[in-house]
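Let's take a walk through this structure together. Keep the viewer open and follow along as we go.

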Amino acid sequence: MAMASSSFVYVTYIRAPQRKVWDALTKPEFQKQYWFGMHQQTDWKPGSPWKLLFEDGRVADMGEVLEFDAPNRLAIKWRNEIRPDFKEEGFTRCVMSLENDGELTRLTIDHSIDREGAKIITEGISNGWPKILSSLKSMLETGSALARFKA
Amino acid sequence: MAGTQFIYVTYIRSTMEKVFDALMKPEFTRRYWSGTTQVSDWTKGAAWAIFTPDGRKFDDGEVLEIDPPKKLSVTWRHLNAPQMTAEGFSRLTYVLEPQGSVVKLTLTHEIDVENSKLIGAVSTGWPAVMAGLKTLLETGEPIAEFSRWPEGM
């Protein structure tokens, strides 16, 4: 391995068209339903600022759009603003990749940082994504997100 | 210890008992796990195996721990690829926890072999199996692609 790093990779399959999965990942009206009531604020142009906001408007995470190739690939430079020990570790990089697979969309999240044993990965990101993505899948397949992970 | 591990967590809107049953019982596994069936009497120390829809034994092992509906652990040896069979027995553990209206399911598949080919292979398989399980339990309709055995395997 060329560089010390930590990463979290999660794959799921969602029975929904790729475009719907893409919209659910990028549009606030969907995000609010499955992502603890949070939503993202950005114009999605590469280089533009990106923020993840709590329901009350406080900034949970911030960064920058690195890539935006609808409806296939999205990359975000991403730093937690809430926990000092996470923030101190600096910017992570989150890549979301979508692939059409018949009636399914295969969604891969690859969230990493150039730092070995990073707490943001082991304590933050690896706990959060399974909840968010389980709730997203429920929302798209059944019409309602998981109540536990609503606001 | 040197080894290889794959961990996957999913949250399913269902009950503990249904998720536990769906992990073991043929009437469920056939519908989301590539048409496969597990055979065991599900007591500690009992033999355990996965069979393909055409009756081939694909993986085998024994039950290490069973505590319905909270925990199930089995040893697991793959039988269809000699390189993986040679790695010996891995361990698969499911842990279920109730969290309000959802069940948190944590799957850990590990082996005391570094850079294991078996764990590499199951790492690509488990996300599909877990997605199929969640879809079946939440919608009642299996994912068609995951209810069939893959051609040529």
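Two residues are in contact here when they have heavy atoms within 4.5 Å of each other. With that in hand, and keeping in mind that this is a predicted model, please find B:Phe146, which lies in the segment after H4 of chain B. Leaving out residues up to four places away in sequence, B:Phe146 touches A:Tyr13 and A:Leu104 in chain A, and B:Arg31, B:Tyr32, B:Trp33, B:Ser34, B:Gly35, B:Ala128 and B:Gly132 in chain B. Its relative accessible area is 9%, and since buried means under 20%, B:Phe146 counts as buried. If you would like a ruler across this part of the chain, the C-alpha atoms of B:Phe146 and B:Lys25 are separated by 16 Å, with their positions 121 residues apart along the chain.

The contacts of B:Phe146 include residues of both chains, which leads us to the interface. How many residues of each chain are in contact with the other? On the chain B side there are 22, and they meet 21 residues of chain A. As background, the size of an interface is often given as the accessible area lost when the parts come together. For chain B and chain A that buried area is about 1,800 Å², and carbon and sulfur atoms give 53% of it. The rule finds zero salt bridges across this interface, but it does find 19 residue pairs in polar contact, with both residues at pLDDT 80 or more. Strand S1 (4–12) and helix H4 (117–139) of chain B each supply at least two residues of the side that touches chain A. H4(B) gives the largest share of that side, seven residues. Sorted by class, the side of chain B that touches chain A has 11 nonpolar, six polar and five charged residues.

A residue to look at from the chain A side is A:Thr12, in strand S1 (residues 6–14) of chain A. What does A:Thr12 touch, leaving aside its neighbours within four places in sequence? The list is A:Thr105, A:Arg106, A:Leu107 and A:Lys137 in chain A, together with B:Tyr8 and B:Ala131 in chain B. A:Thr12 is buried, because its relative accessible area is 4%.

Now for the interior. In soluble globular proteins, nonpolar side chains tend to be buried together. In this model the largest nonpolar core has 71 residues, and those with the most contacts inside it are A:Trp129, B:Leu23, B:Tyr94, B:Trp126 and B:Met130. H4(B) appears again here, with nine residues, the largest share of this core. Take B:Leu23 as a way in: not counting residues up to four places away in sequence, its contacts are B:Thr29, B:Tyr32, B:Trp33, B:Gln38, B:Tyr94, B:Leu96, B:Leu105, B:Met130 and B:Leu133. There is also a second, separate core of seven residues, and B:Phe146 is in it, along with others including A:Tyr13, B:Ala131 and B:Ile143.

Helix H1 (residues 18–26) of chain A is worth a stop as well. Seven of its nine residues are buried, so H1(A) is largely enclosed by the rest of the structure. The buried ones are A:Gln18, A:Val21, A:Trp22, A:Asp23, A:Ala24, A:Leu25 and A:Thr26. In chain B, a loop residue to compare with your own view is B:Thr52, between strand S3 (47–51) and strand S4 (57–67). B:Thr52 counts as buried because its relative accessibility is 4%, and its contacts beyond four places in sequence are B:Thr36, B:Phe58 and B:Trp149.

Let's finish with charged pairs. Side chains of opposite charge can pair when their charged atoms come close. Over all chains the count comes to 20 salt bridges. In one of them, A:Asp56 and A:Arg58 meet at 3.1 Å, N to O; A:Asp56 is exposed at 55%, whereas A:Arg58 is partly exposed at 46%. Another joins A:Arg93 and A:Glu67, with the closest N and O atoms 3.4 Å apart. That pair links distant parts of the chain, from strand S6 (residues 92–101) to strand S4 (residues 59–69) of chain A, 26 residues apart. A third example is A:Asp85 with A:Arg83, whose closest N and O atoms are 2.8 Å apart. Salt bridges that share partners join these two residues with A:Lys119 and A:Glu123 into one network.

Technical notes: Residues are numbered from 1 along each chain as its sequence is written. Chains are lettered from A and ligands numbered from 1 in the order in which they are written. This is a predicted model: local features need pLDDT of at least 70, side-chain atom pairs count only at pLDDT 80 or more; totals for chains, interfaces and linings use all residues. Side-chain values use heavy atoms; hydrogens and water are left out. Buried area is the accessible area (1.4 Å probe) that two parts lose on being put together, summed over both. A salt bridge is a side-chain nitrogen of Lys or Arg within 4 Å of a carboxyl oxygen of Asp or Glu. A polar contact is a pair of N or O atoms within 3.5 Å; within protein, one must be able to donate a hydrogen and the other to accept it, and residues adjacent in sequence count only if both atoms are side-chain atoms. Helices (H or I, at least four residues) and strands (E, at least two) are DSSP runs, numbered from the N terminus. Ala, Val, Leu, Ile, Met, Phe, Trp, Tyr, Cys and Pro count as nonpolar, Asp, Glu, Lys and Arg as charged, and the others, Gly among them, as polar. Buried means under 20% relative accessible area, exposed over 50%, partly exposed in between (1.4 Å probe, protein chains only). A nonpolar core is a set of buried Ala, Val, Leu, Ile, Met, Phe, Trp, Tyr and Cys residues joined through side-chain atoms within 4.5 Å.
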